[in-house]
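Student: I would like to learn how to read cavities and surface patches in a model. Can we work through a case?

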Amino acid sequence: MSDADHQPSRTRVPMPMAAMSDPHMSDAAQQPARVEMIIAIVFVLALGCFVLFGIAYTQNWDYWTLGGSIGAGLFLLGFGLTAWGKYLMPQGPFVEERHTLRGTQEERDAMSAALVERTAVVVKRRKMLGGLFAAGAGIFGIVALFPLIRSLGPLPANSLEVTDWRRGTVLVDSTGRRVRRDTLVPGGLITVYPEHTVDPRTGFITEDGQAVDQTVLLRLPGGPFTTMPGRETWTPEGYVAYSKLCTHLGCPVGLYEQELELLVCPCHQSMFKVRDGAVPTFGPAPRPLPQLPLMFNDDGDLAAQGPYDQAVGPGFWERTT
Amino acid sequence: MGSVRAQTTRTFRTKVLLPGGLLAVAAMASLAMLIPGAAAAGHSDSSSVDISPDQVTTKACGTVSVKGVTGSTPNAGNPFLSSSKTCLNGSLISYGNHYITYANPPKAFVDAGRLLFAQACSSCHGSTANGVSPDGTATIGPNLQGVGAATVDFWVSTGRMPAADVKAVEAERKETRLTAVQALELAAWVNSLVPSVPAVPFPHLQGADQSAGQDLFSLNCAACHTIEGSGDALAFGTNAPSIVNKSVTAQQVVEAIRTGPANMPRFSGNLTDKQVADITSYVTGRLQHPVNPGGFSLGGVGPVAEGFVALLIGVGGLALICFWIGERS
Amino acid sequence: MSTTSADTKRSARAAMGPYGHVGKLVDELDDRFGVAKGGRVLLDKIFPDHWSFMLGEIALYSFVVLLATGVFLSLYFVPSTDQVVYHGAYRPLQGQWVSQAYNSTVHISFDVRGGLLVRQMHHWAADIFTGSIVVHMGRIFLTGAFRKPRELNWTIGILMLILAIFEGFIGYSLPDDLISGTGLRIGYSIAESIPFVGSYLVSFLWGGRFPGDIIIPRFFIIHVLIIPLVLLGLIAAHLGLLVRQKHTQFAGEGRTEHNVVGSPMFPTFAAKTTGFLFMVTAVSALLGAFAQINPIWQFGSYDASKISYAVQPDWYMGWLDGALRIMPSWEFAGWGHTIPFEVLLPAVVFPGLIFTIALLWPAIEQRYTGDNEIHHLLDRPRNRPKRTAAGVAMFALLFTLFAASSTDVMANFFHVSLNATLWFFRVAVIVVPIIAGFVTYQLCREMQGVHGIGKRKRAVIVRRSAQGEYTTVPAAPRPDDERTELDPEPVPVRIDIEPLGNGDEVRQPAVSPTGVRQVTR
């Protein structure tokens, strides 16, 4: 049997002619003319669909006709070809012998011997050369990664921690309009950016302004309040500002429920209590949103007292509180 | 009642008196814009944009509460950003510009409103709408004094009030029990107790910039209502309703933006009337009539629905075809 | 005597041999490449007929569709985040600042004839691609086709699944719209959360701070060149191993560990599979024609300070989003460092664990069962209740997580509190897989014990004798339940299909070439 195992499948006996009624054909092949006509009609319909597609494209007809015609045509074409294969071609069951992949024990031993003995020539006699080559190739493998990885971008340095807010930076909205005392009434909300990041003529906002400096400004009823100890002066006239970057994964926390005084992050539904310093009370966010200290400058514009006192956004290894 | 006379009166009120009255008011406001220093009593100069709230409470327009009053949700539109105000005998009639005109309901509605309020609202809001019941305890409904005409018109015209279930976390939009005129009557009466702003808005959307509206919508509104406007559940049983629902009118959109109902934030000085009109035009013109060039929109729910279709219809359909092609046993 | 041209033709044809032009071609190719021997083997290759063997073909052909539609799209897409002012056919975007990538995608959708169709076909085919890989993987797992000697093929398959998921994520992030940009922000934060290397990783990959201006061009080349090349190589290896090791097959009459039974490559399987290729393309086209997917024009260009509610990633990332939502907010901060476990555990550790288990599963099972034999015959899932239960439990876990990614939509639909819905899923993600695994195990054991399960029961005639005694007699089997099944035989040299004589007379072969057995289904 081992010989036959190694030979690919071969016909051993020439077969007589197989008729359409041969058991190897499907039942439908008993009436081949009928099946053939059905498949022919299907192909003709497919052809028609493709012609329709061609016309629909050149005449710029509606979208559904364009897509539907090519889809239907492809489906009919495929259906016809598959039906041809299933009903009019020999189905089987035919068999193919599996020749075992494995060799004989002698062949295996010969292979192992070749590997071991030929390697021995390298290793036993020329250890130093082999070692030097391996060292060279290894070092190459390591240093080749340097440009591949390091050149991709700059070192993070403190880029993940620093925003553009400074003492006196005026808050503006997305059109560049400055925030003033009457911009919000209690229960209001607006997204603000540092003034120099928004071009009021074109409405263009810089990338850092959008991505890092974005701040949500709210006004709560009842005048100034203290969110956390040490922040007594941070909320003039009830205005309070928090970094809009969620401390979970950095989505903008733009969803505010004014009666509940709750900021909800739309991505994974972390909920932050605004009156208590945006402390997370539900959901996966781990830390409160950093708060921007506010003040009214001499012109009556709302401005920052200083930068954020901590890194904004989600956590990372180097982040310290 | 079925009497023809009563119906004719009601029809007359709905179809003639109301729009006629408000049109007259709006016409006066527009005229007032054209004639600086008009002779109409109490008209103040319109050119300045930055008017502080204090000016509104001058005797020129009577006393109009802007900061809100005792108790419940204080309310304010942004009359100080309007280009004109019209007052008559010391009370604010209308203000606005060619983007949105805000007008208080006619004085004639106050009496009818008082009667209607007593029937439909006083059991929850108190007989003087101050949230205090006769025995001195707080009622279920909040204090409505000082909320302004737009607030009352919004809650009643969307059917949220009268409330179906007073214990629900939030009142939902439903079939209106009261007509549009009745909503204005209630608004007129409540506003007469403590006049306030915003007044009922009448947006003028022709020529609005839908692109600017889309930009503002995605920054201010999509976070709660979703970018397609279909609404979704918020914290603790609250929700942001769908605004693609075609029964949401442009007026209601402006009212919601300016009054901030329930948990919705109140957009006053941070959105100009032009911006509000742009957003409203985008909502009623685009979101409510979505163009879906790519086929059925699958509910506008996004990738979850798309995934179901791809797996059940796409992979599932192809698996069925495999089933046909191949053997079963 | 001059020969006529007909004579010349006849003798020329005679000189060509009995097989005509094809024979001549085979001769020429055989001279150069030696195709005769191996080619004949290839034509005789046997493909098992069971329908579940075609699931991998769905993946293969949807990949072909992706390549073809992707080439079209790559001719229009501009991989750049430079901001331009939109002036195109979609009015609600007129005059807005959009990125070039977004601009070109909207351009494809509205201004390029047929562009929207190709774009939607591409996205539908991507969902079908990943879906069919998962279904195919499920079939391989439940029938034990990953066992020796096919462990490497399983490993290649898992690697292709991982690549397909990344490829899809990168692909739908290319248009730089509001929804996919939010997903990128989340991806950035997940990578950033990795201890020691996180901030370096994201700074290198994004070329600086988020969002930077290099991520879209980089994603473009990864999506269009790098991953497709790797996938093509892996597909070639996957199919090559399949050819070398031959298919597995279900056990049955005439099927042993030493043969493969089915239909021949040429012409039957070639016709069926080519037809199937057209049908897979057709399904992508029909979905693309009638079902809108990813309507980016409604979302607007990505602005890092904008967000929409009710946003989910594409379905094959949904399980990660669900895991992120239900995770409690455990973050460690101390000694000058922060480890955000609420991000690491669900989005880095958990998927790493899942895929590691998947990659190592052949070794795990081999260690557990001690079975180091070569297997070419497949298991029936019910005969391996523990493996089947483990697979179903894993699927139930992933499906529950997927469901958890739409907590807000569910809370809205069922009018329950969002907070309660989240707590429900926190509990469900532990309870549901356990119950599913347990129930599956019991079901498998039961199915093993029931004789003739899945087969239609033979009807029984009840007879009552005059004395009142009842006896039962099995009724004759239904015609459908009996089937003639042939002994498998090698593919014959010549299959000469004789057309029938006049119309429909059926010619019986003089000698039936094989034995014929009656089989009751």
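Tutor: We will take the cavities and then a surface patch; note that the model is predicted.

Student: How is empty space found, and how many cavities of 30 Å³ or more are there in the whole structure?

Tutor: Rolling a probe the size of a water molecule over the atoms shows where empty space is left. Here the search gives three cavities of 30 Å³ or more. The largest cavity holds about 150 Å³ of space. Its lining has 14 residues, and the closest to its centre are Leu160(A), Val212(A), Leu245(A), Val312(A) and Arg185(C).

Student: Which element gives the largest share of that lining, and what classes of residue make up the lining of the largest cavity?

Tutor: Helix α8 (residues 178-192) of chain C gives the largest share, with three residues. By class, nine lining residues are nonpolar, two polar and three charged.

Student: What is the volume of the second largest cavity, and which residues line it?

Tutor: Its volume is about 80 Å³. Residues of chains A and B line the second largest cavity, among them Asp173(A), Thr191(A), Leu216(B) and Gln275(B). α7(B) gives the most, with three residues. The classes in this lining are four nonpolar, six polar and one charged.

Student: And the surface: which residues form the nonpolar patch?

Tutor: The patch consists of Ile139(A), Phe140(A), Ile142(A), Val143(A), Leu145(A), Phe146(A), Leu148(A) and Ile149(A), with about 810 Å² of accessible area together.

Student: Where does Leu145(A) lie, and why is Leu145(A) called partly exposed?

Tutor: Leu145(A) is in helix α5 (residues 127-150) of chain A. Partly exposed covers the range between under 20% and over 50% relative accessible area; Leu145(A) is called so because its value is 42%.

Technical notes. Residues numbered from 1 in each chain as written. Chains lettered and ligands numbered in written order. Predicted model: local features only at pLDDT ≥ 70, side-chain atom pairs only at ≥ 80, totals over all residues. Heavy atoms only, no water. Patch = residues over 30% accessible without salt bridge, like charges linked within 9 Å, V, L, I, M, F, W, Y side chains within 5 Å. Areas by Shrake-Rupley, 256 points an atom, 1.4 Å probe, with all protein chains shown as cover. Salt bridge = Lys/Arg side-chain N within 4 Å of Asp/Glu carboxyl O. Helix = DSSP H or I, 4+ residues; strand = E, 2+ residues; numbered from the N terminus. Buried < 20%, exposed > 50% of the residue type's maximum accessible area, 1.4 Å probe, protein only. 1 Å grid on protein atoms, 1.4 Å probe; cavity = no way out; pocket = protein on both sides within 12 Å on 5 of 7 lines; lining within 4 Å. Points joined across faces, edges and corners; volume = space filled by probe spheres on them. Nonpolar A, V, L, I, M, F, W, Y, C, P; charged D, E, K, R; others polar.
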